[in-house]
Amino acid sequence: MVKHQPLQVYERQLCLSCITGIYGCRWKRYQRSHDDTTKWELLWSLILLFTFCLLLVWFYFWWEAHNDYNEFNWFLYNRSGEWSDGTVPILATTAAGFTYITFLLVLSLCHIALGQQLNLHWLHKIGVIAALLTTIIGVISVNQTWVQEWDVIPISLQATGPFLHIGALAAVTALSWIVAGQVARTEKTMFQVVVVLLYLSVLLGLYVVPLYITSPCIMDPNTLKPRPDVIGHQGAPMLAPENTLWSFQQALQMNVTGLEADVAISVDGVPFLMHDLTLRRTTDVGNVFSDRQTNEASRFNWTDLQQLNAGQWFLKDDPFWTVHALSQREKDLISNQSVCSLEQLLKLASHHNSTVVFRLRRPPPEHPCYYSWINDTLQAVEQSGVPQSLVMWTPDEHRAQVRQLAPGLVQTSVEKRSPQSLQQNGISRLLLRYNQAGTGEIRDLSEARINLTLYTVNEPWLYSVLWCSGVSSVSSEAPHILRKVPYPVWLMRPSEYCLMWVSADLVSFAVVIGIFILQNYHMIRYRMSGMHSYNPEQIMLSAAVRRSSRDINVMKEKLIFSEVRNGVGSAEELYGDNGYDYDYYTNQGISQ
């Protein structure tokens, strides 16, 4: 008599196979395990988590540093002597690394949620170490070359902090499903206590973080000060070559209230506009004076400088990726730009009744104008016919003498000083980098009636933060962008913000409690049902266990026939994996 033994067919767990396969190359059912993760793999999980946190900060830093990409490229140019956009490879590698590490972290969380043993594949371990070391090297490099830029993180948090808090709260609340599942499944009381306390500590910390979040944009809108004036830093260098007449004309079309430039002195005493020490980057000096291209800009006379083209480099290098948006007429105008003198700039500003602030660079000691540089500059101001009240004088050298010769100039300092010191020296304006003045210092300067101008402000979020802080004016390379910011990006009353974060905390707390109750209810119901079916995955047939192929096949065979006798599970997949004829066993049956 032949009996046909019914076999239950397993459902293919494609999603689980992909999760364990991609993470640890455990594609087969018999390779997976519900055993506790080894200490070694736990260590790798911590390394993965640390790498993710570090990359998250690194990615956020470069995202917010967009305001200063041109400054970073200029630093690279001074080191290498060649102009290139160094932010592109950094952003590409950072985005790729962050995406990869985030994907691995999500897979590890899926392992934990499904009760699978963590076993990161060795190729992924190499990838994690590579991402970690690359990021650490990047951090060290920034510390050595651009350390001041780290200040962009706390400044940007004034704009993003309230919203990042909500996002972090949502993420940690979602993790409660995994935490509650782990606590409900485990039978170790100490493990349950440690996990719950750790999770609640993080959650409660997020609940009270808003008490320490400060932002000038959390204020009564009625106390908001007037919109800060915008000064064109080197004109409008995103739309035209920096420090050229066309650049300043473009800036004036964007309704700027002032113009800012860098001034050097030629050999024959003519002040002209030039940011770099040499002419290589922004002129064609290599073609016109190939043997003098490395000489300082102040080593040339004005006749030589007028022979140089100061616009073609902009069309060639496209430093701000904006050339494609220019019309043919604009490109023709740009290609014919020449080196601009200070007198030309002052005449243009006078015609438009715009203020001018310039940084005057003293010539080297062997220069013919080393001692007369102040007088040469004052002479250019006088010859231009510009009202002295429109000129902001920044050099500290011989300031008393300048007051006597030109008492109408607006005395401006580029060094950070106390309001009392500025008043004692007769200085009424202060020009600083945007990270050098906090909200309290801005308030103190405003109360002392000292006008503060911060540079370089290109992003709307930064402009909004400084606006809410009470800054009177900013210097920008992107006046065409700030022109589109008629109001702060966001503004919130303190009562509205308090209501927002308290509501978010209450919703989060209710969701977490509900998830813990639901997970425990399901686990209690499962244990009371008494249905503890045999799980073949609990048999460790991992390739990591060093057994002979014969032993493995014997264990698989025992598993197959054990399933057949118990009437639980599917032999189809196991037969298929080991070369057995599934139809033979199911059709012939088992003889009694």
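This is a stop-by-stop tour of a predicted model, with a selection to make at each stop.

**Whole chain**

Start with everything shown. The protein has 592 residues, and buried residues make up 48% of them. Its secondary structure comes to 23 helices and 11 strands. The accessible surface is about 30,200 Å². Carbon and sulfur atoms hold 59% of that surface. Now think about contacts between residues with a separation of 6 or more: 67% of them join residues 24 or more positions apart.

**Strands β3, β5 and β6**

Select residues 258-265, which form strand β3, and residues 355-360, which form strand β5. The two strands pair in the parallel sense, over 6 bridges. To line them up, pick Val263 and look across to Leu360 in β5.

Add residues 391-393, strand β6. β5 and β6 are also parallel, with 3 bridges between them. Here the pair to click is Val357 and, opposite, Met392 in β6. Then show helix α14, residues 373-384. With β5 and β6, helix α14 makes a right-handed β-α-β unit.

**Strands β8, β9 and β10**

Move on to strand β8, residues 429-433, which pairs with β9 in the parallel sense over 5 bridges. Select Arg429, then its bridge partner in β9, Asn451. The chain gets from β8 to β9 through helix α17, residues 439-447, in a right-handed β-α-β crossover.

Stay on β9, residues 451-455. Is this strand enclosed or open? It is largely enclosed by the rest of the structure, because 4 of its 5 residues are buried.

On to strand β10, residues 473-476, which runs parallel to β9 and is joined to β9 by 2 bridges. Thr453 stands opposite Ser473 in β10. The link from β9 to β10 goes through helix α18, residues 460-469, and this β-α-β crossover is right-handed.

Before leaving, select Tyr455 and Thr456. The peptide bond between them is cis, with omega near -20°. Thr456 sits in the loop between β9 and α18.

**The nonpolar cores**

Which residues touch the most other members of the largest nonpolar core? They are Phe61 and Leu454, in a core of 97 residues. Select Leu454 and show its surroundings. Beyond its neighbours within four places in sequence, Leu454 is in contact with ten residues you can pick in turn: Leu432, Arg433, Tyr434, Ala437, Ile442, Leu466, Val471, Ser473, Val474 and Ser475.

A second core of 14 residues is separate. Its members include Leu169, Leu203, Tyr207 and Ile515.

**Ser176 in helix α6**

Select residues 152-185, helix α6, and find Ser176. Ser176 is buried, because its relative accessibility is 0%. Leaving aside neighbours within four places in sequence, Ser176 is in contact with Tyr199, Val512, Ile515 and Phe516. Ile515 is also among the members of the second core. For a distance to check, draw a line from Ser176 to Val196: the C-alpha atoms are 9.7 Å apart, and the residues are 20 apart in sequence.

**Ala400 in helix α15**

Next, select residues 399-405, helix α15, and pick Ala400. This alanine is exposed, with a relative accessible area of 51%. Ala400 and Gly426 are 26 residues apart in sequence, yet 9.6 Å apart from C-alpha to C-alpha.

**Two positive phi angles**

Pick Cys25, in the loop between α1 (14-24) and α2 (39-64). Its phi is positive, about 60°, although Cys25 is not a glycine. Cys25 is partly exposed, at 38% relative accessible area.

Then go to Asn255, in the loop between α8 (245-253) and β3. Asn255 has a positive phi too, about 65°, and is not a glycine. At 56% relative accessibility, Asn255 counts as exposed.

**Cysteines**

Finish by showing cysteine sulfurs. How many disulfides are there? The count is 0. Why does Cys110 not bond to its closest cysteine sulfur? That sulfur, in Cys15, is 7.2 Å away, which is too far for a bond. The cut-off is 2.5 Å.

Color by accessibility and compare two cysteines. Cys110 is partly exposed, with a relative accessible area of 27%. Cys53 is partly exposed as well, at 40%.

Definitions and conventions:
Residues are numbered from 1 along each chain as its sequence is written. This is a predicted model: local features need pLDDT of at least 70, side-chain atom pairs count only at pLDDT 80 or more; totals for chains, interfaces and linings use all residues. Side-chain values use heavy atoms; hydrogens and water are left out. Buried means under 20% relative accessible area, exposed over 50%, partly exposed in between (1.4 Å probe, protein chains only). A nonpolar core is a set of buried Ala, Val, Leu, Ile, Met, Phe, Trp, Tyr and Cys residues joined through side-chain atoms within 4.5 Å. Contact means heavy atoms within 4.5 Å. Two strands pair if DSSP finds at least two bridges between them. A crossover is right-handed if, with the strands pointing away from the viewer, the path from the first strand over the helix to the second runs clockwise. Accessible areas come from the Shrake-Rupley method with a 1.4 Å probe; for residues, only the protein chains shown count as cover.
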